Amino acid sequence: MTEPRRYGDELAVVTVTYSPGETLERFLDTLDKATKRPYRVVLADNGSTDGAPERAAEREGVQFLSTGE
């Protein structure tokens, strides 16, 4: 039997992006090393034109949120 999830068990990471290029991938790669807790990432994007946030959102636990331009 698994224990029920409690508030604070999962970490939420919110970051604002604008054409972040390879920096975003490197940032996301560091999260596994930064915590042992499960986490989810929200990318609040301000109109990127490089496609990096959309590619990053293909990862499990990463959500893309377009905020406009």
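Asp45 is a buried residue (buried means under 20% relative accessible area, exposed over 50%, and partly exposed in between, with a 1.4 Å probe and protein chains only), yet it takes part in no salt bridge. A salt bridge here is a side-chain nitrogen of Lys or Arg within 4 Å of a carboxyl oxygen of Asp or Glu. For Asp45, the nearest side chain of opposite charge is Arg55, and that is 11 Å away. Lys and Arg count as positive and Asp and Glu as negative, while His and the chain ends are not counted. All of this comes from a predicted model, in which local features need pLDDT of at least 70 and side-chain atom pairs count only at pLDDT 80 or more, while totals for chains, interfaces and linings use all residues. Residues are numbered from 1 along each chain as its sequence is written, and side-chain values use heavy atoms, with hydrogens and water left out.

So what does Asp45 touch, leaving aside its neighbours within four places in sequence? Taking contact as heavy atoms within 4.5 Å, its partners are Thr17, Tyr18, Pro53, Phe64, Leu65, Ser66, Thr67 and Gly68. Asp45 itself is found in strand S2. Helices (H or I, at least four residues) and strands (E, at least two) are DSSP runs, numbered from the N terminus. Ser66 also turns up in another pair: it lies 12 residues from Glu54 in sequence and 9.7 Å from it in space, C-alpha to C-alpha. Glu54 has its place in helix H2 (residues 52-56) and is partly exposed, at 36% relative accessibility.

Stepping back, the protein has two helices and three strands, and along the sequence they follow the pattern β-α-β-α-β. Of its 69 residues, 28% count as buried. The largest nonpolar core is made up of eight residues: Val13, Leu24, Leu28, Leu31, Val41, Leu43, Ala56 and Val62. Helix H1 (22-34) and strand S2 (39-45) each supply at least two of them, and H1 gives the most, with three. A nonpolar core, for the record, is a set of buried Ala, Val, Leu, Ile, Met, Phe, Trp, Tyr and Cys residues joined through side-chain atoms within 4.5 Å. One core member, Leu24, touches Thr17, Leu43, Ala52, Pro53 and Ala56, not counting residues up to four places away in sequence.

Back to the charges. Side chains of opposite charge can pair when their charged atoms come close. A search of the whole structure finds five salt bridges. In one of them, Arg6 meets Asp9 (3.7 Å, N to O); Arg6 is exposed, with a relative accessible area of 58%, whereas Asp9 is partly exposed at 25%.

Another salt bridge joins Glu10 and Arg40 (2.5 Å, N to O). This pair links distant parts of the chain, with Glu10 in the segment before strand S1 (11-17) and Arg40 in strand S2, 30 residues apart. Glu10 is partly exposed at 29% relative accessibility, and Arg40 is partly exposed at 42%.

Asp29 and Arg59 form a salt bridge too, their closest N and O atoms being 2.7 Å apart. Here Asp29 sits in helix H1 and Arg59 in the loop between H2 and strand S3 (62-66), so to speak two distant parts of the chain, 30 residues apart. Asp29 is partly exposed, with a relative accessible area of 41%, and Arg59 is partly exposed at 28% relative accessibility. Salt bridges that share partners join Glu25, Asp29 and Arg59 into one network.
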